[in-house]
Amino acid sequence: MTMTDPKPSPTAATSGVSASGVSASGVSASGVSADVMALAGELGAERSKPGWSPFSLALNDEQREIRDWAHAFAADVIRPAAAEWDEREETPWPVIQEAAKIGLYGLDANINLFVDPSGLLMPLVHEELFWGDAGIGMSLKGTGLASSAIFSNGTPEQWSQWMPRCYGTPDDVRVAAFCSSEPGAGSDVSAIRTRAVYDEATDEWVINGQKAWATNGGIADIHVVVATVDPALGTKGQAAFVVPKSEVHGLEQGTKLRKHGLRASHTADVFFDNVRIPAANVLGGKDKLDERLARARESAAARDAAAARDAAAGAGAGAAGAGAAGAAGAAGATGRPAGRNASMATFEMTRHIVGAQAIGIARAAYEVALDYAKTREQFGRPIIDNQGIAFKLADMALEIDAARLLVWRAANMSAALMRGETPDYRHGEGSMAKLKAGEVAVKTTEEAIQILGGNGYTREYPVERMHRDAKIYTIFEGTSEIQRLVIARAISGMRIR
Ligand SMILES: Cc1cc2nc3c(=O)[nH]c(=O)nc-3n(C[C@H](O)[C@H](O)[C@H](O)COP(=O)(O)OP(=O)(O)OC[C@H]3O[C@@H](n4cnc5c(N)ncnc54)[C@H](O)[C@@H]3O)c2cc1C
């Protein structure tokens, strides 16, 4: 019975309660007073005011249809091929081709997911594909790293020149690589040493360096490479460059890495030895880069001058100098500097998508474990009859749903950001989503092995593969520690290390 629609119960009819459900004493059959009923009516009217939208997590018809379409591909094409490509440790080109033929792989497919104003289509489809298999899923979705970098940093002309080439065509599918990490620069991107030097004589960039762990590195045509143009400026001196392997000399794939999981996805080092590319291949354009570098040099010079002044003043008054620095630090710690939200927002935009992939793996392992627990009998009854097993499964379901809610929230905020709105990023919401989903995937897949016992530990069942695949989600796209750092900085406003 609801407060707004009290229906008389059979017993109420004989106990002096009127048809409205409210008795002469002003108390309804459910014990709700007339005053409260009136208030409920007013609240109902308030809720129907224009401008208020109901909160809903329900998917619309189109979202359900596309999710189900991706699920069918995952169930019919990806799943049956998963174990084979994991063993072969090779890129599953036939699966990518099949996905391209039905419109699930390619630039158009990505744009269609991207335009959903709720932001949910992208994580919905990623969850389904990675539910099918994470290694194959990464082969289908790893290209998104490079195309997103072109989209985020490039000009509209660069979008149309390079983004279609990342994917190729259904008859000639391609993958692309995003090369940021280096042997000495993983979590710490400021340590990137790959250099891009402008050669005025030929109007070209010359790139030298080594990239590590690049998904699709060397097998891609389009490589988006993060390099430093002015090492003195740290990350502010870096830029991203499009390097089409088919048009350059000096780009070589290094060792293809043999991995713990995601084995159907190609990961390799990439070497750049005097690789020459046109000046126009810097994302955002050379003029914009020159302006940005000039601004960064000016503010670095101003900072140096201020530090020199402070040092000179501090020579005569050490304690006072320390006090001033302390005060500045405190202001930075408690205030919300202008631009903080904007820079955080940039990082927050895509992390949830990686979280959705992890949820796909977790859900797959949970489903296998649930089925197994219902059918496997020990001590004369299904093992799920024991709370020790049933509670594990309850926790798995709970944690997967909790992670998905965080992913959907971050997806919704990211969509708002792309519409030009300023969502209220406060707690590193994108990082929260990725962190939670990654850790849930590791825990859930491990518990799934436990529930399957000896069978879970063998390659006869898929949960050991899922466990191997899940582990990367606490490492790439920002390790769990780095996500916690982002969240800790966001909630404290302090530069926690
Ligand atoms: C399968 C796979 C695919 C990948 N794909 C790509 C790709 O396509 N493109 C690309 O550029 N890179 C890619 N990477 C690289 C990946 O992003 C890095 O491995 C990741 O960023 C971590 O860097 P690292 O391995 O150097 O670890 P490190 O940065 O050396 O970290 C080692 C440990 O120290 C911790 N740590 C580091 N700094 C701190 C700190 N300040 N506070 C607390 N703890 C800290 C880390 O959390 C981690 O536990 C891929 C890696 C793998 C394995």
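A nitrogen atom of the ligand sits 2.8 Å from an N or O atom in the side chain of Ser181, and this contact is a convenient place to enter the structure, which is a predicted model. A ligand nitrogen is also found 2.8 Å from a polar atom of Phe178, this time one belonging to the backbone. On the oxygen side of the chemistry, Glu481 brings a polar side-chain atom to 2.7 Å from an oxygen atom of the ligand. Taken on its own, the ligand has 980 Å² of accessible area, and the protein covers 66% of it.

The shell around the ligand comprises 19 residues, and the closest of them are Phe178, Ser181, Ser187, Thr479 and Glu481. By character, the shell divides into nine nonpolar, seven polar and three charged residues. Glu481 belongs to the charged class, while Ser181 counts as polar and Phe178 as nonpolar. Two elements, strand E5 (204-215) and helix H17 (480-492), each supply at least two residues of this shell.

Strand E5 leads from the ligand into a set of paired strands. On one side, E5 is joined by five bridges to strand E4 (residues 195-199), and the two run antiparallel. Within this pairing, Tyr198 stands opposite Trp205 in E5. The hairpin of E4 and E5 has four residues between the strands, and Asp203 in this hairpin takes a positive phi near 55 degrees.

E5 also pairs with strand E9 (residues 267-278), again in the antiparallel sense, over nine bridges. Along this pairing, Ile207 stands opposite Val275 in E9, and Lys211 has Val270 of E9 as its bridge partner. E9 is in turn paired with strand E8 (residues 251-256), antiparallel and over four bridges. Here Val270 appears once more, since in E9 this residue also stands opposite Gln253. Val270 is thus a handy landmark when following the strands on screen, with Lys211 as one bridge partner and Gln253 standing opposite as well.

Attention now turns to the empty spaces in the protein. The structure holds two cavities of 30 Å³ or more. The largest cavity has a volume of about 50 Å³, and its lining is made up of Phe130, Trp131, Gly132, Asp133, Ala134, Ile361, Ala364, Arg465, Met466 and Asp469. Helix H6 (121-132), helix H13 (351-375) and helix H16 (463-470) are the elements that give two or more residues to this lining. Six of the lining residues are nonpolar, one is polar and three are charged. Among the lining residues are Asp133, Arg465 and Asp469, and Asp and Arg both count as charged.

The second largest cavity contains about 40 Å³ of space. Leu104, Tyr105, Gly106, Asn110, Leu140, Lys141, Thr143, Gly144 and Tyr167 line this cavity, with helix H7 (134-141) and helix H8 (143-153) as the elements that give two or more residues. The lining divides into four nonpolar residues, four polar residues and one charged residue.

Among the pockets, the second largest holds about 200 Å³ of space. Its lining consists of Ser56, Leu57, Ala58, Gln63, Ser118, Leu120, Trp408, Arg409 and Asn412. Helix H14 (residues 387-418) gives the most to this lining, with three residues. As for chemical character, four residues of the pocket lining are nonpolar, four are polar and one is charged.

Definitions and conventions. Residues numbered from 1 in each chain as written. Predicted model: local features only at pLDDT ≥ 70, side-chain atom pairs only at ≥ 80, totals over all residues. Heavy atoms only, no water. 1 Å grid on protein atoms, 1.4 Å probe; cavity = no way out; pocket = protein on both sides within 12 Å on 5 of 7 lines; lining within 4 Å. Points joined across faces, edges and corners; volume = space filled by probe spheres on them. Near = heavy atom within 4 Å. Polar contact = N/O pair within 3.5 Å; in protein donor to acceptor, adjacent residues only side chain to side chain. Areas by Shrake-Rupley, 256 points an atom, 1.4 Å probe, with all protein chains shown as cover. Pairing = 2+ DSSP bridges.
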